[in-house]
Amino acid sequence: MDQIMDQDPGLEQSVHSNDMNEGSELALQPPPDELQIYAIDDQWLLDSLRNAPAATEIPASYFGVADSDLFVTEDHPPKNDSVTTLHGEGTVGHISTNSYQRNDGFRHFVGNQDTTADNASEYDPETETETDDDLGDAPFLDLDEDGGSNDASRIATEKPRKPRAVRGPVAKTAKQYIARDHQKKHQNLKEHFRKEISKKRALGGGEVDVQPPKAKRPRRRPNSKGTAQPHSNMDNSAVIQKTADMFHNISSVSVAASTGAIPATCQGRVTKASRLKQLTRAGTQGNDNRHSGTQKKDLKEALRFLGHARVRAVGETDYHLQGMRSNLRDCQLTPVVWMVKRENAEAPPFGGVLADVPGMGKTVMSLGCIVGNPPGSEDKLEWSCGTLIIAPNQVVAEQWGEEIQKHVKIIPPEDVYFFRRSSNVLTIGTIAKFTIVITTYNELLAEFPSKEKLDEMRETHAEDPIAYNHEFQTLVGELFHINWYRVILDEGHQIKNLEARTTLASHQLRAKHFWVLSGTPLINRGKGDPQYSLGMGMVQLTHVTELFSYLKLIGVEGLTTQKEFEEEFLDTDNGTARLDALVSLISYRRTEEDEFLGRKILDLPALTPGDQWVDLSAEERILYDTIGNHYENIQPPQKHVAVLRRRQAISHPYCLEKALREDIQSYSLKHMASRLRELEGKTLILHQIGTRAKRREVPPIPDKGHARAFGKKKSKKEMDKRLSKQQAAAKEARKAKLKEKADAQVRNVPPEEHQFTDPFGKSTFGQTFSMARLLELTSIEKLVNEQRCGLCQRDQSILDPIMLPKCEHMFCSSCFMNKVLRYRKKTCPVCDKGFDEWNDVETLRSEEAQCIMWDGGGEDNDDTASISGTPSKIKKQSKKASEKRREAAKRKEVKRQVNAKYGADTMGNLPVIDVNEKAYIRIGINNPEGVPCPSSKLTACKDVVINWQKEQPDDKIIIFVQFVKTATMAGVMLNLEGIPFVYLMGTMTTTEKSKAVEEFKSDPNIKVLVASMKCGGQALNLTCANRVILIDVWWNNAAERQAFGRVFRMGQVKESHYVRILARGTIDEDIRNLQEEKCEEIEEVLQDDGHVPQILSDYEIMALTAPKAWAELKANLLREIKEEEEEEEAVAADAASKGEEPQMADTHQQAIGPIPPSSACLP
């Protein structure tokens, strides 16, 4: 130490008194003048330091520097004065935030430098050059990934290191950094090629066919139990305590920072070293499209790949990307970097599928990609600067605009354009100048020719593609004439069907990068019907249109037809590996169960899912069986129609109105009505659906080979197919998970739930079934429609029919009065049978007309005029009634009350129903009790809603339905119970939809949203609600997950509840079983089933998924190697001819710069 003091006597002047209080800082300050010292890693210097007195402090510039392990915030700024402490046990610790330079492999330290720049450890502010990214190689306390020290003395082992050379100008953008990364990878690949060539030449091989390098095996350090463990020299608590001593007991916060943990409560800036240490402590494993095996590596790359100093760590898990207004979570930043890397990849595709489940922030990640990878100067020569975002509907499009202003700083509102064809006045060139253009799929279709027109063009220009293209360009709109830099398809599963116009239109857009955002990219099946055997590693895929549609859009190499996809990726010996590699390459997907660095990604409040299986009432069972059998037994059978009608029957019987009035025979209607008469009113519906405890019981899923009500029967080959070990394990795990879910529903059921529910609520809805009267009226109407007036014989149906009871002949009321009663005839004009009386025939139309009159007919003139057979006197009475209501306010109030009776929401909106399909609703609501016919599902829905309202009155609920009439009846039920609600249906205008969503979010009095699956079940952020009811199950679990994802997503602060209402012993069971079959296949393709794909290197994946690009890259590198070898041979030959020793320049190693004199650092 004396020698060190002699080297720098100025240190003696700054020694603090030894009488300082315990815990205070004892520091040796450097002299006031700037201290510049060259230091090398010398064992003598280490020995001198170990032998120095305890608690002696010297400048950190003697030892090298790494980024501080301390937590840095605005309240605790970094100190520029470095302090290094030697402790009694020989442990060397240092704290330093000084900038430094690296020159010729040595560290040149400059004191009193500003350290506020991001990534100071890898950036030289003087030369604007970037150096290696590690933390330096001078001796310092090295904590390993698990917090343990590396050896017994806890001193980093001296390792000879290759001198570092300057890389060149700093990479200021993602494109520059990724290009540099590609160059580095190419150098490594060339080294691999040289080694392979040398090996094969040594063996006397002929033509050399080098293969891509294999992926490195993940490093494991198992203990006796086979699990990873830290070094055993010190236990973890000792390391933490020792670290605290080294840092002068500064604070518990600093201790936590030193071990890699950043306090969650502070959102201040964090040094890069602290975040890197935190990352080294996190462990990941696996190699799939979740990138679970590279999470730590990806997050470290994120600090550099988006450009120098563009990303900084904030708080515990957040990062700030320059240009963004909001911070990104770590699990959001890595997909952003993945998207940027894909856009700048060496081989196609230059886009992909962001397939995180709903609620993880795909919108924000996409905006991060837009900010992180703007078009470069070369891009602008061919592509516009704009990103086109296509949203499912206008409401979601407006939500995108709000998210842009909320999260993005560098894109002003005037640089975002909402494209609507009807109101657009801008030219193509002007539109192309916007940074972001937002539109919808409907607007895109409005710009695209119809399918019939395209077929006509193909036929006309079958042999002249140039003429076809010219005519096509004249038909498409502005969006198809722009070379977009990037196109983002929100809820991109809308292009899953290759034959749909939406898919055709999307594929005709021109863009450098295509991105598909969808939490449910595969909806129906990931594979399809089996064709290929699994025996020899071949994949059983044929109908893969959904997956292929995405591959074609984003531009996977060599795939223009589905047949090519099957030949290249499916009908091969390594099909499974290739498909896994392809999915891992093009998609980034995480589910609710996935973790990021050991933490749940969706760390939300508790989720309480549950299915309620109701028993159909006896009355509904009659309708369900009769109408289903009718469509299955007619010739030819209409099984698809039978499935639809069965679904409608269990949703609500009013959904069957059109089928009953048009397709079912009169005698069948009369028979059903008589059976219903015997049952109605005897047993309450709420008692027939089962107790709450029984509704929790889940019907078992049948084994393979079970009969289904629809679809093709599984072949014996499919049922007996051989599964791989991973597939079998995944299948068993899924069965166990479903069984556990079913068992959990019936576990710990309260005793009161085993009792039947007493009538509840403000209304009698859910008590009495009342369809017999409607069926009788429908039967009579069909008889009237089948007959002709016996007097006028008009082709149209009989107006205001009159029937003679004895012979059942019918006549128009006007004809009968003018031609029979006027002349006092007593015999039937058709059969001459005598009659004593006649009856006015009550039909569905006449009853509906009467209801309209009671409602004040004039307020529904369109409906009244459309009802054939309405007497003119009723019209006159309606007109007189309307004339009496002269005051506009009173008329408006009357209309509001009438609409509320028929299910209007608090905003006065009603779902649009065809005018000829309103009779059941009108007559049912206007019955003497004023309560329409219930259904088992809506009765259970009422029970759930009221129960939830009692539990948590402030919670908001979303009810998802499939059928419009079910939505209307749900609205009627809510109005009867006095529960404020709004609709969100596809038949509403864009303005009505936007206003409904805004009211539901902002008005605390509106408790319920009744939404259709297609309109409200995707893309919206509705975290203001936390309870969801699904009345109509859908064909795939993906749509249901999308619907529930509106609530269970980032931003949810309450416990979430999700209830599906299904009907036991009905089509719902078959749909549930089909869902499970689809899920099993989809999870395998999307790697949701837990299977771990084969670990492959980047170039192995490139060889599998882009063989042409790989072959081209390999050829170029082999040519470079050959040229370098020829050059070396020429140099050697020239030297030999001169009799000199050949001086071969090592072109594969970085040159070592001059070494400064040793006296610069040694006494």
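The following paragraphs lead through the cysteines, one buried threonine and the aromatic contacts of this predicted model.

The cysteines come first. The count of disulfides in the model is zero. Cys812 illustrates the point: its closest cysteine sulfur belongs to Cys789 and lies 3.8 Å away, which is too far for a bond, because a disulfide requires the two sulfur atoms to be within 2.5 Å. Cys812 is nevertheless buried, at a relative accessibility of 2%. Cys331 is likewise buried, with a relative accessible area of 2%.

Attention now turns to Thr1066. This residue occupies the loop between strand β30 (1056-1064) and helix α40 (1067-1085). Although Thr1066 is in a loop, its relative accessible area is 5%, so it counts as buried, the limit for that class being under 20%. Its side chain makes a polar contact with the backbone oxygen of Ala1063, at 2.7 Å. What does Thr1066 touch once its neighbours within four places in sequence are set aside? The residues in contact with Thr1066 are then Leu616, Arg621, Tyr624 and Ile650.

Tyr624 also takes part in an interaction between a charge and a ring. The charged end of Arg646 sits over the Tyr624 ring, 5.6 Å from the ring centre. A second arrangement of this kind involves Lys942, whose charged end is placed over the ring of Phe760 at 4.8 Å from the centre.

The aromatic rings also pair with one another, and the model contains 17 aromatic pairs. A pair of aromatic rings is described by the distance of the centres and the angle of the planes. For Phe816 and Trp838, the centres are 5.7 Å apart and the planes meet at 55°. This pair is classed as tilted, because its angle falls between the limits of 30 degrees for stacked and 60 degrees for edge-to-face.

Where do the two partners, Phe816 and Trp838, lie? Phe816 belongs to helix α29 (residues 813-821), whereas Trp838 is in the loop between α29 and β25 (839-840). The pair therefore ties together parts that are 22 residues apart in sequence. The two residues also fall into separate accessibility classes: Phe816 is buried at 0% relative accessibility, while Trp838, at 35%, is partly exposed.

Elsewhere, aromatic residues join in a cluster. Phe448, Tyr468, Phe472 and Phe480 together form one such cluster.

Definitions and conventions:
Residues numbered from 1 in each chain as written. Predicted model: local features only at pLDDT ≥ 70, side-chain atom pairs only at ≥ 80, totals over all residues. Heavy atoms only, no water. Buried < 20%, exposed > 50% of the residue type's maximum accessible area, 1.4 Å probe, protein only. Helix = DSSP H or I, 4+ residues; strand = E, 2+ residues; numbered from the N terminus. Polar contact = N/O pair within 3.5 Å; in protein donor to acceptor, adjacent residues only side chain to side chain. Contact = heavy atoms within 4.5 Å. Phe/Tyr/Trp six-rings, centres within 6.5 Å; stacked < 30°, edge-to-face > 60°. Lys NZ or Arg CZ within 6 Å of the ring centre and 35° of its normal.
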